[in-house]
Amino acid sequence: MQNYLIKNIMVVNEGVSAVKDVLIKNGRIEKIDGNIQPDILVTEINGQGLHLLPGAIDDQVHFREPGLTHKASIYTESKAAVAGGVTSFMEMPNTMPPVFTQQLLEDKYVIGANSALANYSFYMGTSNDNVEEVLKTNDRKKDICGIKIFMGSSTGGLLVDNYLTLDKIFQESEVLIATHCEDEKIIKANYERIKKEKGTLDPADHPRIRDEYGCFESSLVAIQFAQKYNTRLHILHITTEKELALFSNMRPLEQKNITAEVCVHHLHFTSNDYDTLGNLIKCNPAIKAPHNREALWQALLDDRLDVIATDHAPHTLEEKGVQRNAAGLLTLPPVEPGSYEKSHAGLPLVQHSLLLMLHYVKEGRITIEKVVEKMSHAVAKCYQIADRGYIREGYKADLVIVNINATTTATKENILYKCGWSPLEQFTFPAAITHTFVNGNLVYGNGQWNESNKGERLLFNR
């Protein structure tokens, strides 16, 4: 295995930025110090003027394999992740078939082992009638990231709205439960009312249908179950100011039993963007009014929101109801009856999440140390991931080198998602990912790829 010495680089780790050398040996961080003189053969990288970050860990992605590989696969999306500085991912169970058995779950790990360029873990899926199978995850708590519950509309029978089912899972689960919280009854009532008022729905109706009350009521139910049984609960993709009253920063993260995630698109877009991006930014839960985004930022900075993720969810342009014009640019069609309903919900984001947060570093909205905390350290802490998420001696060398004096523009030519588009197309980020190490392997370096080594299964200290 090749060893590396990164010289004179600004190491960003655990709230501190300092120029150091970092020695990578046999896949792990061997030494962090000034002026390291290695006693082994190394490939040296000049880090002058560059930043070294721990690889980002995305706790919520949809890579669509098996069954939906016309729009994404574990290989294609993990490659996009690595290009964006994401070295580990946790993938959702709403594939075809849905992951309703332990065998189907293990089948995904086989795919990951054979094709993922980043490190991987997969959630166990839940339905109203697979409780016994779900609870078998208790016996595998050290090598499964968690249980996923869709407490709002989803596909493939993944909606769990039976309170007896929820009660049993929350009572008996020994592993983290991650929830998608939207109230199905509120969503349906809003849809029927707005549809009756307008006749034809347009993209801007999406946050009115999937409104703040639907999010709040569902999140409240999940929290009440977790408090009843002292269950480890992690609520995904918080989108509303109203929900933030449910979360606290009174305890350090490692002492929290109830934690929350915010996604990059909810920190970036608002409902004002439906005018120009339409169904391209249709996602569940919806991107909402600007005051919600401002509240999310405040809660992220004061630690009521614990981690940053993407909810990367690719669909083809055809599924979105969008085309490219003769110049290759994304163009919105006229709103027609049924076009809102036909458009799939979800955004591809994992290649650009770290770059987008570095944009906000340049804007002065967040520090680079806080970005590292929320995209690496806190995710590792929240999930109790073994030996990752930090730049520490002895830890796995999942590392990203960033040039914050360069720029990257997202274009259809450099997008690696299989779906071939991004809601951030033509956006110029004030940084560039130059190198990504996964388990000490330089998988991506200055535009060159080495795919000879695959990622590893994440393990958990539980």
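These numbered points go through the domains, the interface, one sheet, the salt bridges and some backbone details of a predicted model.

1. Domain layout. The protein chain splits into two domains. Domain 1 is made of three segments, 4-52, 390-408 and 426-449, while domain 2 covers 56-383. Taken over C-alpha atoms, the centres of domain 1 and domain 2 are 29 Å apart. On the domain 1 side 28 residues take part in the contact, and on the domain 2 side 25 residues do.

2. Buried area. Domain 1 and domain 2 bury about 2,100 Å² between them, and carbon and sulfur atoms account for 74% of that area. Of the area that domain 1 buries against domain 2, 27% comes from Tyr390, Phe429 and Trp449, more than from any other three residues. The size of an interface is often given in this way, as the accessible area lost when the parts come together.

3. Polar and charged links across the interface. The rule finds zero salt bridges between domain 1 and domain 2. Polar contacts do occur: seven residue pairs are counted between the two domains, both residues at pLDDT 80 or more.

4. What domain 1 presents to domain 2. The strands that each give at least two residues to this side are β1 (4-13), β2 (16-25), β17 (399-403), β20 (432-438) and β21 (441-445). Of these, β20 gives the most, with five residues. Sorted by class, the side of domain 1 that touches domain 2 holds 18 nonpolar, eight polar and two charged residues.

5. The six-stranded sheet. Six strands form an open sheet with parallel pairing, in the order β9-β10-β11-β12-β13-β14. At its edges are β9 (124-125) and β14 (307-309), each of which pairs on one side only. Within this sheet β10 is followed by β11, and five bridges join β10 (residues 147-151) to β11 (residues 177-181), the two running parallel. Methionine 151 is placed opposite cysteine 181 of β11.

6. Salt bridges. Which side chain does lysine 108 meet in a salt bridge? Its partner is glutamate 91, with an N to O distance of 2.4 Å. Lysine 108 belongs to helix α2 (residues 102-115) and glutamate 91 to strand β7 (residues 86-91), so the pair ties together parts 17 residues apart in sequence. In total the structure holds 36 salt bridges. Side chains of opposite charge can pair when their charged atoms come close.

7. Cis peptide bonds. The bond from methionine 96 to proline 97 is cis, with omega near 5 degrees. Proline 97 sits in the loop between β7 and α2. A cis bond also leads from asparagine 284 to proline 285, here with omega near -5 degrees. Proline 285 is in the loop that runs between α9 (274-277) and α10 (290-301).

8. A positive phi. Where is glutamate 14 placed? Glutamate 14 lies in the loop between β1 and β2, and its phi is near 50 degrees, a positive value in a residue other than glycine. Most residues other than glycine have a negative phi, and most peptide bonds are trans. The strands on either side of this loop, β1 and β2, are among those that supply at least two residues each to the side of domain 1 touching domain 2.

Technical notes. Residues are numbered from 1 along each chain as its sequence is written. This is a predicted model: local features need pLDDT of at least 70, side-chain atom pairs count only at pLDDT 80 or more; totals for chains, interfaces and linings use all residues. Side-chain values use heavy atoms; hydrogens and water are left out. Domain bounds come from an automatic or database domain assignment. Contact means heavy atoms within 4.5 Å. Buried area is the accessible area (1.4 Å probe) that two parts lose on being put together, summed over both. A salt bridge is a side-chain nitrogen of Lys or Arg within 4 Å of a carboxyl oxygen of Asp or Glu. A polar contact is a pair of N or O atoms within 3.5 Å; within protein, one must be able to donate a hydrogen and the other to accept it, and residues adjacent in sequence count only if both atoms are side-chain atoms. Helices (H or I, at least four residues) and strands (E, at least two) are DSSP runs, numbered from the N terminus. Ala, Val, Leu, Ile, Met, Phe, Trp, Tyr, Cys and Pro count as nonpolar, Asp, Glu, Lys and Arg as charged, and the others, Gly among them, as polar. Two strands pair if DSSP finds at least two bridges between them.
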